Each structure stands twice: as C-alpha cells, then as structure tokens.
Amino acid sequence: MRAWRKALADAREVPPFVILSDAVLRALCRARPGSLRELVSVGGVGLKRADDFGADLLAAIREGCAALG
C-alpha cells in the first residue's frame with residue numbers, strides 16, 4: 001500500500017501523506033474494501049479520492065490481500 005501511495009505521490013509531485021495518511025492506509029488494510037461503496041465508507045476516503053484513484057486503490061488492496069494469502 002505504501003509503495004502504491006508513493007508511486008502515485010511521485011507522479012503527482014506531492015508528498016505521500018497528501019494522497020492518504022498512514023492511518024487511512026491501516027484502516028483500509030483492516031477493512032479490505034472490495035467496491036467503491038465500501039471504499040468511501042472507510043474514514044479518510046471520500047468521494048473525491050474514490051473518483052480520483054478508487055479503482056487503482058481497490059486493485060492495490062486486492063493485490064496486497066492476495067499476497068498475504
């Protein structure tokens with residue numbers, strides 16, 4: 001998740017915390033949302049962020065969860 005966030009932040013030329021905070025990343029890892037609706041239910045992820053990079057974020061979560069087994 002942090003690697004995904006860092007790559008996106010570098011592409012947008014902003015610090016990683018502007019994309020999502022560490023606390024939000026942890027909440028996403030706990031919640032493991034599988035849809036945009038579930039994604040926006042996680043605190044710190046609103047409609048704007050879901051629109052901007054929700055699909056990519058969901059893919060990163062799926063990949064991360066698959067790696068965990």
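Here are four short exercises on the chain shown above, each with a worked solution.

The model is predicted, so local features need pLDDT of at least 70 and side-chain atom pairs count only at pLDDT 80 or more, while totals for chains, interfaces and linings use all residues. Residues are numbered from 1 along each chain as its sequence is written, and side-chain values use heavy atoms, without hydrogens or water.

**Exercise 1. Elements and overall size**

Task: state how many helices and strands the chain has, and compare its radius of gyration with that of a compact globule.

Solution.
- Step 1. Helices (H or I, at least four residues) and strands (E, at least two) are DSSP runs, numbered from the N terminus.
- Step 2. The chain has 5 helices and 0 strands. Their order is α-α-α-α-α.
- Step 3. The radius of gyration is taken over C-alpha atoms, and the globule rule is 2.2 Å times the number of residues to the power 0.38.
- Step 4. For 69 residues the rule gives a radius near 11 Å; the chain has 11 Å, so the two agree.
- Step 5. Along its principal axes, the C-alpha trace spans about 30 × 25 × 20 Å.

**Exercise 2. Inside and outside**

Task: find what share of the residues is buried, and what supplies the exposed area.

Solution.
- Step 1. Buried means under 20% relative accessible area, exposed over 50%, partly exposed in between (1.4 Å probe, protein chains only).
- Step 2. Of the 69 residues, 30% are buried.
- Step 3. Accessible areas come from the Shrake-Rupley method with a 1.4 Å probe; for residues, only the protein chains shown count as cover.
- Step 4. The chain exposes about 4400 Å², and carbon and sulfur atoms supply 56% of that area.

**Exercise 3. The buried side of helix 3**

Task: which residues of helix 3 are buried, and why do they share a side?

Solution.
- Step 1. Helix 3 covers residues 22-31.
- Step 2. V24, L25, A27 and L28 are buried there.
- Step 3. These residues cover an arc of only 160 degrees around the axis, so they sit on the same side of helix 3. The arc is that of the directions from the helix axis to the C-beta atoms.

**Exercise 4. Two positive phi values**

Task: place E13 and R32, and say how accessible E13 and R32 are.

Solution.
- Step 1. Most residues other than glycine have a negative phi.
- Step 2. E13 has a positive phi, near 55 degrees. E13 lies in the loop between helix 1 (2-12) and helix 2 (16-19).
- Step 3. With a relative accessible area of 74%, E13 is exposed.
- Step 4. R32 has a positive phi too, near 45 degrees. R32 follows helix 3, in the loop before helix 4 (36-40).
- Step 5. R32 is partly exposed, at 44% relative accessibility.
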